[in-house]
Each structure stands twice: as structure tokens, then as C-alpha cells.
Amino acid sequence: MNSKNLFRLATPLLFSMIILADAGSASAQQISISPARITFQGDPGQTVSETVLISNSGETDFEFIAGIKDWKRDSMGTKLYQPSGTLPHSNAGQVRLDATNFTVAPHQKKVITVYMDIPQTSGDSIATNSMLFFTQTNPSERKTPDNKGIGIKIGYEFGIQVFYNPSSARKGELEFDSMNYSEKAEGQQVSMLVIGYHNTGQINKTGQLRVELTNKNTGEEIKLKAAPVAIMPLGYQYIQVPLPENLPKGQYLAIGMLDAGAGYRLKIAEKNFDVR
């Protein structure tokens, strides 16, 4: 069966609420799906496969339907979804499953095989991507705390990122573009550092941004909470790093570190700023 016809997103579900959850982070509803990201590799013309594990630790059935969409990130890293096959580097038409409607019984673990038919030819070496969704079609009823009245039906939808990395794709690096200090303004709870960076490679990258502050007047060092980084091939993004509330006035040195993990160079940027 042609994979373009295999995936059809479910019609709007007849319940009050649907919650989109990251795969692997669904403990509250006794259902977990992993991994959160699949990366295919292979030669043109090959069919390659990976598996998704769905575990139900609850006492009721979970029924799912599979669907697929295109997606990208905006300049702040937020995911934006589009119909399948509409974005330039979509691989939605090459992805298929061994089951698109299935039930996971209580205390059952179910394995779904995801296949990718790698095209014989490719226009470029940039990684392609899509988002595989598993949408619950039998939402459970949640009653009010006093168990009176009509409950709300809640279902879950899990998204799994699907990438294909051509063998010719350039690995590249994460690079800093800018680091600026933004004073607390109206409607802004705290001052912050606004940091720009980009991905020079043709594959998706994840990592973290760490920032350390040094008060140049007192020598005090402050380590800020690390921020996760996820960026598309050849992408440009900004991230806002909140600074501590009531940061003492004075001169500061901020050191930013972009860490894409093993096999990549740690990138460092510095910024001097004044808190007045």
C-alpha cells in the first residue's frame, strides 16, 4: 500500500480535551511510548526500520490511531506543524507502520515497527524529517473531585520525531551568533540574556546551553540552570536565559557554553554587562 495513503489523521475526537505529550513522558496516564526520536540511516533504495515500544501499566485498554505530519521550528525553537508532504524537507511520504490502528491491553507492552523507504535519488544532503503521532481514540472519563456531575473525557496524543540522515549529510557544529543583556522591562518578570546561535550542519542537533556569571566587583560566581537546545539542520535560533531575581548591581561577565555532546566541540562566548 502506498505510504501516502496509509496515514490519515483521525477525524476530530468526540471528547472534551486532548493532551499532546512528548513520547516517554506519560507516567500520569499509565501509558508510556519510547523513544521520543527516531533517526534512520541507510542507502538510497533501501527499506530500513526501527521500533517503538508502547507500555500500558494501567487497568484499562488504550486504543490508538497513527498519523503523520510535517514540522519545523521557529526562531525560538517552538515546533510548528504542517500537513504531511508540504515542507521542503519532509519524509512523511516515505514512512509506514506495520499497524496504524491498535489496542494496548492492561499491563501489555506492544512493539510497533516503523519503516522508511529511502528514495533512490535525493535532491540534496540535508536531513529530512516528519512527526509521527499516536492519538488515543478511547479517552477516559475524569470526574470532578467529589465524583458528582458529568466528568471530562481526556485523551492523549504522543509525538515522535522522525529523521533521516543521508550518508552525505555534513555534521557541522553549533555556533554562537550573539549574546545580549536585556534589562527588566514592563511586562518582563526578570532581566535576561538573549543568546543567538545556529547549526552549521545538515543534520538535527540537540544539546544544552550553560551560562555562568561572575560578579566582577565581588568575584562571586553564579551558575544558571542549563537550557535544552534542539535545532533543525542549518537552523538559526534565539534562546532567552532568565537571570536571578534581585541580582545585585554591578559589573558582570557572562560565559555561555554550547554543548552538542560527544563528537562536537564545546563552543564558548562571553558578554560583559552592567546591572544598574
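A residue counts as buried when its relative accessible area is under 20%. Tyr252 has a relative accessibility of 1%, so this residue is buried. These values come from a predicted model.

The protein has 276 residues, and buried residues make up 44% of them. Its secondary structure consists of one helix and 20 strands. About 14900 Å² of the protein is exposed. Carbon and sulfur atoms supply 47% of that area. Contacts between residues at least 6 apart in sequence were also examined. Of these, 71% join residues at least 24 apart.

Aromatic rings form eight pairs in the model. One of them joins Tyr252 and Phe273. Their ring centres are 5.6 Å apart, and their planes meet at 15°. Planes under 30 degrees apart count as stacked, so the pair of Tyr252 and Phe273 is stacked. Tyr252 belongs to strand E19 (residues 250-259), whereas Phe273 belongs to strand E20 (residues 267-275). The pair therefore ties together parts that are 21 residues apart in sequence. Phe273, like Tyr252, is buried. The relative accessible area of Phe273 is 4%. Elsewhere, Phe62, Phe64, Phe102, Phe134 and Phe158 form one aromatic cluster.

Charged side chains also meet aromatic rings. The charged end of Arg96 sits over the ring of Tyr115, 4.9 Å from the ring centre. Lys171 places its charged end over the ring of Tyr264, at 4.4 Å from the centre.

Tyr264 also appears among the contacts of Glu173. Glu173 is found in a loop, between strand E12 (152-164) and strand E13 (174-182). Is this loop residue buried or exposed? With a relative accessibility of 13%, Glu173 is buried, because this value falls under the 20% limit. Beyond its neighbours within four places in sequence, Glu173 contacts His198, Asn199, Thr200, Gly201, Lys205, Tyr264, Arg265 and Lys267. His198 lies 25 residues from Glu173 along the chain, and their C-alpha atoms are separated by 8.4 Å. Arg265 takes part through its backbone. Its backbone nitrogen lies 3.3 Å from a polar atom of the Glu173 side chain.

Gln237 offers a second view of a buried polar side chain, this time in a strand. The residue lies in strand E18 (residues 236-242). Its relative accessible area is 4%, so Gln237 counts as buried. What does the side chain of Gln237 make a polar contact with? The partner is the side chain of Tyr197, at 2.7 Å. A polar atom of the Gln237 side chain also lies 3.3 Å from the backbone oxygen of Ala230. Leaving aside neighbours within four places in sequence, the contacts of Gln237 include Ile195, Gly196, Tyr197, Ala230, Ile231 and Met232. Arg73, Asp74, Ser75 and Gly77 are also among them.

Gly77 leads to the hairpin of strands E5 and E6. Strand E5 (residues 62-73) and strand E6 (residues 79-82) run antiparallel and are joined by four bridges. Lys72 has Leu80 in E6 as its bridge partner. Five residues lie between the two strands of the hairpin. Gly77 takes a positive phi there, near 90°. Gln237 of strand E18 is thus placed in contact with Gly77, a residue of this hairpin.

Key:
Residues are numbered from 1 along each chain as its sequence is written. This is a predicted model: local features need pLDDT of at least 70, side-chain atom pairs count only at pLDDT 80 or more; totals for chains, interfaces and linings use all residues. Side-chain values use heavy atoms; hydrogens and water are left out. Buried means under 20% relative accessible area, exposed over 50%, partly exposed in between (1.4 Å probe, protein chains only). A polar contact is a pair of N or O atoms within 3.5 Å; within protein, one must be able to donate a hydrogen and the other to accept it, and residues adjacent in sequence count only if both atoms are side-chain atoms. Contact means heavy atoms within 4.5 Å. Accessible areas come from the Shrake-Rupley method with a 1.4 Å probe; for residues, only the protein chains shown count as cover. Two strands pair if DSSP finds at least two bridges between them. Rings of Phe, Tyr and Trp (its six-membered ring) pair if their centres lie within 6.5 Å; planes under 30 degrees apart count as stacked, over 60 as edge-to-face and the rest as tilted. A charge sits over a ring if NZ of Lys or CZ of Arg is within 6 Å of the ring centre and within 35 degrees of the ring normal.
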